[in-house]
Amino acid sequence: MKNESRAYGSRREGEVSEDWRKANVTPVFIQGTKEDPGNYKPISLTSIPGKVMEQLILEVIFKHMEEKKVIGGGQHGFTKGKSCLTNLIADMTGRVDEGRAVDVVYLDFSKVFDTVSCNILIGKLRKCGLDEWTVRWIEN
């Protein structure tokens, strides 16, 4: 019960407790030679209450984005229940059936997200009207 009220207080105050921020970072081998450090992906192992809180915040963000229609229906990547495959099925099959030419380019921006400026992200969250407590918690 103590952790539940602590999590709620954390969200309400827009603060992340110090012990929730601590992480054990461990390298996980992806591909290539094991001697090349570039072939490892850092994985952060954080506290269970912190992970639960992250999921709650994620739900708040998704709900806000849906209610405010911040993300258009054509967005498939990084959208709950949608993917590159659903994009292909929804958009391309109809055009192919009509006999129209279709060019598709899929890009992998996964490494880009490690370099997104926190200030830019926070600014965009505020601009789309996300409540200040949630924005402060993410910023913190």
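**Salt bridges of the predicted model**

Arg126 is partly exposed, at a relative accessible area of 35% (buried: under 20%; exposed: over 50%; partly exposed: in between; 1.4 Å probe, protein chains only). The model is predicted, so local features need pLDDT of at least 70 and side-chain atom pairs count only at pLDDT 80 or more, while totals for chains, interfaces and linings use all residues. Residues are numbered from 1 along each chain as its sequence is written, and side-chain values use heavy atoms, leaving out hydrogens and water.

**Exercise 1.** Determine with which residue Arg126 forms a salt bridge at 3.5 Å, and place both partners.

*Solution.*
1. The partner of Arg126 is Glu139, with 3.5 Å between the closest N and O atoms; a salt bridge requires a side-chain nitrogen of Lys or Arg within 4 Å of a carboxyl oxygen of Asp or Glu.
2. Arg126 belongs to helix α5 (residues 118–127) and Glu139 to helix α6 (residues 132–139), so the pair ties together parts 13 residues apart in sequence. Helices are DSSP runs (H or I, at least four residues), numbered from the N terminus.
3. Glu139 is partly exposed, at 45%.
4. Through shared partners, salt bridges join Arg126, Glu132 and Glu139 into one network.

**Exercise 2.** State how Lys51 and Glu54 are related within helix α3.

*Solution.*
1. Their side chains meet in a salt bridge (3.7 Å, N to O).
2. Within helix α3 (residues 48–67) they stand three residues apart, which means a separation of about one helical turn.
3. Lys51 is partly exposed at 37% relative accessibility, and Glu54 is partly exposed with a relative accessible area of 37%.

How values were computed
Helices (H or I, at least four residues) and strands (E, at least two) are DSSP runs, numbered from the N terminus.
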